[in-house]
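Grab a pencil and work through these exercises with the structure open beside you. Try each task yourself before you read its solution.

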Amino acid sequence: MRRVSCFFLILALLLGLGAVASAEEPDWAAAYTAILEKKAEEVRAGGEDLMTSYSNGYLVYDIDKDGVPELLVKTGTCEADYMGSIYTFSGGEARCVCDDLYLGHSSLYSDPGENGLILMNGHMGYAWAERLSLTDGSIQAETLYEDDLNERLQKDPDAEYVYPGEVVPGAAYIDLARLELRLPISHYAELEELRAGRYPGAVACGDYPNGDPAFFETLIRENGEVVAVTADGYTANPGRIGFQELLKQNVAANWMDADLQIVSSQLADLNGDGQPECILDLEQGEGREPMRFYLAEQDGTVYAYLQNYASTNLTVDRNGNLLNDYSYYTQLNRLIFDREDAMLLTLPMDAFAP
C-alpha cells in the first residue's frame, strides 16, 4: 500500500511540474492580440473606420533577435501626431518598453543580424535613420545616418533619398497592418520565411478549383457569389456579393464615378498550394485609376481581395510574387491571404525570380 501511495505521489509531482511548465509557456500572440483589441476600441471611439485606414496600424518584429517578436503599434490622425508604442513579451506577459516614439513622416525597416529595428524619417528633403535596439528592457536609439536631399538635388536633379537598405545590408521595408488584421500574428512564422526569401513552392496551374480550368471564367460570367474584402486598406469590404454587383459604381471603393470593366486576367499560384488564383485588372474607363481583384477559392468559397491604385503593368514571378511597375517606381509584393483576411506584403526587389 505504501508503494502505491509513493507512486501516486511521484505521478502527482510530475503532473504538477508539467502544469507549471505549460502555464509558463510564452503566449505572445494572445497578449499582443489583447493589446491590439484595446487599441482598436480606442480608435473606433474616435470615429475612424479600421477596415479602410492605415492611419493606425502595427507590426510584429523580433527587435533583439531572441526568438520572440516585439509589437509596435502606431496611432494618430495625421503625419503631425502619429506616435508609436513598443511592447515586448517576457515572464508570461506583454510589457510596454516605449510609448513616445514619433512616427510622423516615417517608415520602418528590418535590421537583419542586429539588435535593432530601423526607423527612417524623411520630410521636405531632409531625412535620417535610427536603429532602435532593445537592451535591458528599454529602447535605445542610435543615429545611423543623416541625409540632406536638397543639397544633393542642386548637383543631381534625379537624386533620391538614401534608404536604409543602401546602408544596412539586408534592411527591408516592413508593412504596417491594420489594427483589426491578425495575419501578421497568426501567420508570423510564414511571413518571416517569406521576408527571408524562402517560398512554399513555384507557380503551378494544374490543380484547378473543382478540377475545372474555366472555374473563374464561369463564376464571372454567371455572376457567381464571392466574399469581397480589402487587401490594401484603401478599398471597401462589400462582404458576400454577386461578382457582377461587385463591379458596380462605389461598391468596391467609395471614390468611384463609374462601373468597373475587366481589362485583363491571368491565372497564377500566389501561395504555393498548387491551385491557381485569378488576377483581374479593372478600370472605370481610359485614363482612370485602375484596380485589381485577386480571386481565390478556399474550401468551397471564392474570396475576392481588392486592391486600389494597382499598377498597369504586373509581372508574376515563378514564386508567385507580384512585380508592380508604377509610373515612378517598381515594387515587389506578395499577397498573403486566409479567407476574410488579406494583405499585400512588400518584399525586397532582389527577391524577384523571373
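**Exercise 1. Ser107: find its strand, decide whether it is buried or exposed, and list its neighbours.**

Step 1. Ser107 sits in strand E5. Strands here are DSSP runs of E with at least two residues, helices are runs of H or I with at least four, and both are numbered from the N terminus.

Step 2. A quick word on what you're looking at: this is a predicted model, where local features need pLDDT of at least 70 and side-chain atom pairs count only at pLDDT 80 or more, while totals for chains, interfaces and linings use all residues. Residues are numbered from 1 along each chain as its sequence is written, and side-chain values use heavy atoms, with hydrogens and water left out.

Step 3. Now the burial. Buried means under 20% relative accessible area, exposed means over 50%, and partly exposed is in between (1.4 Å probe, protein chains only). Ser107 has 17% relative accessibility, so it counts as buried.

Step 4. For neighbours, contact means heavy atoms within 4.5 Å. Leaving out residues up to four places away in sequence, Ser107 touches Ile118, Leu119, Met120 and Tyr173.

Step 5. The side chains of Ser107 and Tyr109 share a polar contact of 3.5 Å. That term means a pair of N or O atoms within 3.5 Å; within protein, one must be able to donate a hydrogen and the other to accept it, and residues adjacent in sequence count only if both atoms are side-chain atoms.

**Exercise 2. Which strands stand at the edges of the sheet with the order E5-E6-E7-E8, and why does each have a side without a neighbour?**

Step 1. Strands pair if DSSP finds at least two bridges between them. This sheet is open, has 4 strands and pairs in the antiparallel sense.

Step 2. Strand E5 (106-109) and strand E8 (138-148) are the edge strands; each has a single partner strand, so one side of each lacks a neighbour in the sheet.

Step 3. From one strand to the next, the twist averages 20 degrees. Such angles run from 0 to 180 degrees between N-to-C directions, with axes being lines fitted to C-alpha atoms (for helices, over the stretch in contact).

Step 4. Zoom in on one pair: strand E7 (residues 126-135) and E8 are antiparallel partners over 10 bridges. There, Leu134 has Ile139 in E8 as its bridge partner.

**Exercise 3. Place strand E15 (residues 301-308) in its sheet and describe its partners.**

Step 1. The sheet is open, with 6 strands in the order E11-E10-E15-E14-E13-E12 and mixed pairing. Its edge strands are E11 (239-242) and E12 (261-268).

Step 2. One partner of E15 is strand E10 (residues 225-230), in the parallel sense over 4 bridges. Here Val227 stands opposite Tyr303.

Step 3. Strand E14 (residues 291-298) pairs with E15 in the antiparallel sense over 8 bridges, and Tyr294 stands opposite Tyr305.

Step 4. The hairpin of E14 and E15 has 2 residues between the strands, and Asp299 takes a positive phi near 55 degrees there.

Step 5. How covered is E15? Of its 8 residues, 7 are buried.

**Exercise 4. Which residues of helix H5 are buried, and why are they on the same side?**

Step 1. Tyr188, Leu191 and Leu194 are buried in H5.

Step 2. They span an arc of only 125 degrees around the axis, so they fall on the same side of H5. The arc is that of the directions from the helix axis to the C-beta atoms.

Step 3. Their cover includes helix H2 (28-45), strand E1 (57-61), H4, strand E18 (330-338) and strand E19 (341-347).

Step 4. Look at both ends. His187 lies in the loop between H4 (183-186) and H5 (188-195), and its side chain makes a polar contact of 3.5 Å with that of Asp338. After H5 comes Gly197, with a positive phi near 85 degrees.

**Exercise 5. Which residues touch the most other members of the largest nonpolar core?**

Step 1. A nonpolar core is a set of buried Ala, Val, Leu, Ile, Met, Phe, Trp, Tyr and Cys residues joined through side-chain atoms within 4.5 Å.

Step 2. The largest one has 30 residues, and Trp28, Tyr32, Tyr58, Val60 and Leu71 touch the most other members.

Step 3. H2 gives the largest share, 7 residues.

Step 4. A second, separate core has 23 residues, including Val226, Leu282, Phe293 and Ala304.
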